[in-house]
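Please examine the sequence and the structure shown below. The paragraphs that follow lead through charged pairs, a sheet, nonpolar cores and aromatic rings.

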Amino acid sequence: MLTSETIAALAAELAEAERTRSVIPRITARYPDATVEDSYAIQGVWRDSQLAAGRTLVGRKIGLTSKAMQQATGITEPDYGVMFDDTVHHSGAEIPYDHFSNVRIEVELAFVLARPLEGPDCTLDDALAAIDYAVPALEVLNSHIELEGRTIVDTISDNAAYGAMVLGDVRRRPDEIDLRWVPGVLSRNGQIEETGVAAGVLGHPATGVAWLANKFHQHGARLEAGEIILAGSFTRPMWVERGDTVLCDYREMGTIECRFV
């Protein structure tokens with residue numbers, strides 16, 4: 001376990017990396033005995049510093065929930081991070097490329113909760129009953145720790161590599177559509193780069209919401225009504241550059257388009 005001083009120092013280092021759009025050496029290279037608990041502690045100190053600076057928490061992201069993402073990263077269990085109000089965009093947005101490091105895009109569904117959700121025995125059915133609606137989303141990955149050789153400890157410390165999300169316009173209640181079969185066809189500058197279906201996320205994209213509620217219970221917390229839960233990617237991450245136009249087609253759930261400027 002890391003000392004509280006080391007945890008605070010690493011959280012400050014990550015906050016500075018976010019401010020300067022820079023990348024720091026792997027935490028696990030410097031502290032090979034760091035644990036998952038340490039990484040969530042680092043993330044928590046960083047989160048609290050952002051809240052103290054005036055940012056507003058609007059939800060949580062779940063990462064590494066599909067085989068595609070686990071194979072792409074070499075990390076084999078889910079993780080989670082926090083999302084602030086100033087990171088939420090809508091389809092058609094122009095997104096400043098320089099706000100991020102190691103910029104990639106993932107295809108996801110997001111869920112907005114109608115009521116609180118808590119563990120320890122939360123099921124998929126419990127999650128579906130608590131969800132107000134689903135909406136398609138793109139996640140912008142933002143990694144401040146060097147990618148080569150990173151582990152889940154590095155990723156969690158870095159707020160699960162969350163940078164921003166772009167929400168679509170079509171909302172569906174869980175009983176209106178079979179969420180498992182929502183497709184995603186992701187294009188960059190008119191060329192299809194990645195495809196997938198939402199069932200790739202733990203068999204059902206809302207399974208991750210139940211997982212998160214149970215995980216939160218271990219920390220004495222719960223998910224609250226109104227929170228946005230970004231449920232995890234069902235494609236591999238796609239690298240983007242300044243000037244790229246990104247389009248994702250979710251069929252009956254519409255399309256999302258954004259441009260990096």
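Arg19 is exposed in this predicted model, because its relative accessible area of 58% is over 50%. Its salt-bridge partner is Glu16, and the closest N and O atoms of the two are 2.7 Å apart. Glu16 counts as partly exposed, with a relative accessibility of 37%. Both residues belong to helix α1 (residues 4-20), where 3 residues, about one turn of the helix, separate them. As a general point, side chains of opposite charge can pair when their charged atoms come close.

Which parts of the chain does the pair of Glu227 and Arg60 tie together? These two side chains meet in a salt bridge of 2.9 Å, N to O. Glu227 lies in the loop between α7 and β10 (228-230), whereas Arg60 lies in strand β1 (residues 57-63), so the salt bridge ties together parts that are 167 residues apart in sequence. Glu227 is buried, with a relative accessible area of 6%, and Arg60 also counts as buried, at 12%.

A further salt bridge brings together the side chains of Glu224 and Arg222, at 3.0 Å from N to O. Glu224 is partly exposed, with 32% relative accessibility, and Arg222 is partly exposed at 34%. Salt bridges with shared partners also join Glu18, Arg55 and Asp86 into one network. The count of salt bridges comes to 17.

The next topic is the pairing of strands. Strands of a sheet pair through backbone hydrogen bonds, either parallel or antiparallel. An open sheet here has 5 strands in the order β4-β13-β12-β8-β9, and its pairing is mixed. β4 (94-95) and β9 (191-197) stand at the edges with a single partner strand each, so one side of each has no neighbour in the sheet. Within this sheet, β12 (residues 245-249) and β13 (residues 255-260) pair in the antiparallel sense over 5 bridges. Val246 has Cys258 in β13 as its bridge partner.

Val246 also appears in the largest nonpolar core, which has 52 residues. The members that touch the most others are Ile105, Phe111, Leu138, Leu223, Val246, Tyr250 and Phe260. Among the elements that give two or more residues to this core are β5 (104-113), β6 (131-141), α7 (207-218), β12 and β13. Apart from this core lies another, of 15 residues, including Leu2, Ala11, Ile42 and Val82. In soluble globular proteins, nonpolar side chains tend to be buried together.

What does Phe260 contact beyond its neighbours within four places in sequence? Its contacts include Ile95, Tyr97, Val103, Ile105, Val140 and Val246, and also Glu241, Arg242 and Asp244. Phe260 is also the last position of a span, residues 76-260, that an unreviewed UniProt entry lists as "domain: Fumarylacetoacetase-like C-terminal". This span is 14% helix and 36% strand, and its end C-alpha atoms lie 30 Å apart.

Aromatic rings complete the picture, with a count of 4 aromatic pairs. Tyr80 and Trp211 form an edge-to-face pair, with 6.4 Å from centre to centre and 65° between the planes. Tyr80 lies in strand β2 (residues 79-84) and Trp211 in helix α7, so this pair ties together parts that are 131 residues apart in sequence. Tyr80 is buried, with a relative accessible area of 8%, whereas Trp211 is partly exposed, with 23%. Ring pairs link Tyr40, Tyr80, Trp211 and Phe216 into a cluster.

Technical notes. Residues are numbered from 1 along each chain as its sequence is written. This is a predicted model: local features need pLDDT of at least 70, side-chain atom pairs count only at pLDDT 80 or more; totals for chains, interfaces and linings use all residues. Side-chain values use heavy atoms; hydrogens and water are left out. Two strands pair if DSSP finds at least two bridges between them. Helices (H or I, at least four residues) and strands (E, at least two) are DSSP runs, numbered from the N terminus. A nonpolar core is a set of buried Ala, Val, Leu, Ile, Met, Phe, Trp, Tyr and Cys residues joined through side-chain atoms within 4.5 Å. Buried means under 20% relative accessible area, exposed over 50%, partly exposed in between (1.4 Å probe, protein chains only). Contact means heavy atoms within 4.5 Å. A salt bridge is a side-chain nitrogen of Lys or Arg within 4 Å of a carboxyl oxygen of Asp or Glu. UniProt positions are given in the numbering used here, feature names are shortened, and annotations may be inferred rather than shown by experiment. Rings of Phe, Tyr and Trp (its six-membered ring) pair if their centres lie within 6.5 Å; planes under 30 degrees apart count as stacked, over 60 as edge-to-face and the rest as tilted.
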